[in-house]
Amino acid sequence: MVQRRYYRQIVIRFVSVSPPEDDINADIDYMYQCLGLGDERDEVGLLVFRALVKSGPDGISSRDIMSLGEMSQAAVIYHLNLFQRSGLVVKDGRSYYLRGFSLSNALDELENDMHRRFEHLKALAKKIEVK
């Protein structure tokens with residue numbers, strides 16, 4: 001039996017409570033929850049995600065993220081790896097970046113990934129239905 005690895009997984013959640021207006025951190029936290037990366041109780045995940053979003057095209061290292069709050073390097077690396085597996089984050093050397101270097105570009109990339117996978121699944125469904 002062939003063992004398969006699933007590399008990219010992202011869950012889109014409907015979060016019924018919208019963030020308050022004019023609060024960037026609340027907007028980022030809302031996005032974090034909607035992307036299924038965690039919830040409001042996951043303080044480390046929220047801090048890591050905020051740091052990535054705010055780092056822009058310069059990226060950020062795990063040590064720089066650690067310095068933003070009281071969190072272990074293991075916890076930061078765990079979340080960075082989780083975000084990489086979701087397809088949201090890429091690593092280059094010691095720096096981590098949002099894919100496409102901005103949140104909107106990263107979301108565009110994820111959307112394109114989803115469309116490509118759905119096209120593949122639809123083609124496979126048509127092949128199955130013909131038999």
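1. Length of α2. In this predicted model, helix α2 has 13 residues. At 1.5 Å a residue, α2 should span 18 Å. The C-alpha atoms at its ends are 18 Å apart, so expectation and model agree.

2. What follows α2? The next residue is G56. The phi of G56 is positive, near 65°.

3. Buried residues of α2. Which residues of α2 are buried? They are G45, L46, V48, F49, A51, L52 and S55. Look at the spacing when you check this in the viewer. An α-helix has 3.6 residues a turn, so residues three or four places apart point the same way.

4. Packing of α2 on α4. Two packed helices are described by the angle between their axes and the distance between the axes. Here the helices are α2 (residues 43-55) and α4 (residues 73-86). Their axes come within 9 Å. They cross at roughly 65°, and the crossing is right-handed.

5. Residues in that contact. From α2 come V44, G45, V48, F49 and L52. They meet A75, V76, H79, L80 and F83 of α4. How many of the contact residues are nonpolar, polar or charged? The count is 8 nonpolar, 2 polar and no charged. Note the overlap with point 3: G45, V48, F49 and L52 are buried, and these residues also take part in the contact with α4.

6. The sheet. Three strands form an open sheet. Their order is β1-β3-β2, and the pairing is antiparallel. Why do β1 and β2 each have a side without a neighbour in the sheet? Both β1 (60-61) and β2 (89-92) stand at the edges with a single partner strand, so one side of each is left free of a neighbour there.

7. Pairing of β1 with β3. Strand β3 covers residues 95-98. It pairs with β1 in the antiparallel sense, over 2 bridges. S61 stands opposite S95 in β3.

8. Pairing of β2 with β3. This pair is also antiparallel, over 4 bridges. D92 stands opposite S95. S95 thus has a place in both pairings: opposite S61 and opposite D92.

9. The hairpin. β2 and β3 form a hairpin, with 2 residues between them. One residue in the turn is G93, which has a positive phi of about 65°.

10. Helices on the sheet. Which strands does each helix lie across? Helix α2 lies across β1, β2 and β3. It runs at about 80° to β3. Helix α4 lies across β2 and β3, running at about 115° to β2.

Key. Residues numbered from 1 in each chain as written. Predicted model: local features only at pLDDT ≥ 70, side-chain atom pairs only at ≥ 80, totals over all residues. Heavy atoms only, no water. Axes fitted to C-alpha atoms, helices over the stretch in contact; angles between N-to-C directions. Left-handed = near helix turned anticlockwise from the far one by under 90°. Contact = heavy atoms within 4.5 Å. Nonpolar A, V, L, I, M, F, W, Y, C, P; charged D, E, K, R; others polar. Pairing = 2+ DSSP bridges. Expected span 1.5 Å × (residues − 1). Buried < 20%, exposed > 50% of the residue type's maximum accessible area, 1.4 Å probe, protein only.
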